[in-house]
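Colleague: Got a minute to walk me through this model? I'd like to go sheet by sheet and then poke at a few residues.

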Amino acid sequence: MSEKIIKSADRVKNIGEVFTPQKTVDFMLDQPEIKAKVNSLTATFLEPSAGEGAFLVEILKRKLLYAKTQANGKKDLQNKFLQALSTLYGIELMEDNVEMLVMNMVNTFRDVYFKTFSPEEQNQKILNSANVIISANMAQGNALTYKTATGNPIVFSEWKPVGKSKVQRTEYTFESIVNGNGPTGTVQEHTEQLDLFADFDTEPEEPKTRNYVPVKWEDIYKQLIE
Ligand SMILES: C[S@@+](CC[C@H](N)C(=O)[O-])C[C@H]1O[C@@H](n2cnc3c(N)ncnc32)[C@H](O)[C@@H]1O
């Protein structure tokens, strides 16, 4: 079956929407400089016009494959799967595309997870934490204005490994990252981002700051704050 690369002529004209065929994605990701970043559990990727995830989904598959070569046992591999996922970020303007993007990332992670771990080894906390990471890392918004669909600043989370099995989540506005103030800088603004797993007609909340406590990778889903 041939791949669908456009949805409508109007969308191509208005938002430049043309999806990249798998063959082209593979060719680009096979380039040595990119391959080196894909074969890393810490190198991050941001797709500022992510579409339905042609690149992010393939990078996720490849990073999960790489994680398998790096893990020290099954428990460690579950953490490394989440770590690999946490390095992938996307921004997409159109609501229907973001829904597909999130669904494709969730399904890709779950498919690989279920194929890798036996029913006895599977841990629902890992899948719940994967959903939280995907929700935090995939933003519906305009990459040029740094704003979400609801007019709030786009916010991304840094997921920094702490010790062998913990992670520290820190939020930065996309604008502060682009301007070189994050994630290593001092400017840290925060406002509530559209929750991609929530109802879409909820009102945006007032800006507020959240300080997350370091947790085990599998406990990310708890979103514990100080
Ligand atoms: C050429 S398509 C590429 C999609 C995807 N990267 C791929 O390769 O299949 C461009 C995408 O960018 C989105 N887009 C257009 N303007 C945007 C903007 N200002 N911010 C974020 N996304 C945008 C469109 O909705 C479309 O999905």
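Colleague: What's the strand order in the open sheet of three strands?

Modeller: The order is β5-β6-β7, and the pairing is antiparallel. Strands here are DSSP runs of E with at least two residues, helices are runs of H or I with at least four, and both are numbered from the N terminus. Two strands count as paired if DSSP finds at least two bridges between them.

Colleague: Which are the edge strands?

Modeller: β5 and β7, each of which pairs on one side only. Helix α7, residues 124–137, packs on this sheet and touches β5 and β6. The direction of α7 makes about 135° with that of β5. Contact means heavy atoms within 4.5 Å. Axes are lines fitted to C-alpha atoms, for helices over the stretch in contact, with angles from 0 to 180 degrees between N-to-C directions.

Colleague: Before we go on, is this predicted or experimental, and how is it numbered?

Modeller: It's a predicted model, where local features need pLDDT of at least 70 and side-chain atom pairs count only at pLDDT 80 or more, while totals for chains, interfaces and linings use all residues. Residues are numbered from 1 along each chain as its sequence is written, and side-chain values use heavy atoms, with hydrogens and water left out.

Colleague: Okay, back to the strands. How many bridges pair β5 with β6?

Modeller: Eight, in the antiparallel sense, with β5 covering residues 155–162. Ser 157 sits opposite Glu 171 in β6, and Val 162 sits opposite Lys 166 in β6. The hairpin of these strands has three residues between them, and Gly 163 there takes a positive phi near 65°.

Colleague: And the other side of β6?

Modeller: That's β7, residues 215–216, joined to β6 by two bridges and running antiparallel. Lys 166 turns up again here, opposite Lys 216 in β7.

Colleague: How many residues of β6 are buried?

Modeller: Six of the eight, so to speak of β6 (residues 166–173) as mostly covered is fair. Buried means under 20% relative accessible area, exposed is over 50%, and partly exposed lies in between, with a 1.4 Å probe and protein chains only.

Colleague: What about the segment after β7, where Asp 219 is found: is Asp 219 buried or exposed?

Modeller: Asp 219 is buried, at a relative accessible area of 12%. Not counting residues up to four places away in sequence, Asp 219 touches Lys 125 and Ser 129.

Colleague: Switching to the other sheet. What's the order there?

Modeller: Four strands make an open sheet in the order β1-β2-β3-β4, with mixed pairing. The edge strands are β1 (45–47) and β4 (147–148), each pairing on one side only. Strand β3, residues 138–142, runs antiparallel to β4, and two bridges join them. Gly 141 has Thr 148 in β4 as its bridge partner.

Colleague: Which helices pack on it?

Modeller: α4 touches β1, β2 (88–92) and β3, and its direction makes about 170° with that of β2. Helix α6, residues 95–116, touches β2 and β3, and makes about 165° with the direction of β3.

Colleague: Where do α4 and α5 come in relative to each other?

Modeller: The axes of α4 (residues 54–70) and α5 (residues 74–86) come within 9 Å and cross at roughly 150°. On the α4 side the contact includes Leu 60, Leu 64 and Ala 67, and on the α5 side it includes Leu 77, Phe 81 and Ala 84. The residues of that contact divide into seven nonpolar, one polar and four charged. Nonpolar covers Ala, Val, Leu, Ile, Met, Phe, Trp, Tyr, Cys and Pro; Asp, Glu, Lys and Arg are charged; the others, Gly among them, are polar.

Colleague: There's a Glu 58 in α4 too. What does Glu 58 contact?

Modeller: Leaving aside neighbours within four places in sequence, Gln 22, Val 25, Asp 26, Leu 29 and Gly 53. Glu 58 is buried, with a relative accessible area of 11%. Its C-alpha atom is 9.8 Å from that of Val 38, which is 20 residues apart along the chain.

Colleague: Last one: how about the chain overall?

Modeller: The chain has eight helices and seven strands. Buried residues make up 43% of its 226 residues. Of the contacts with a separation of 6 or more, 62% come from residues 24 or more positions apart.
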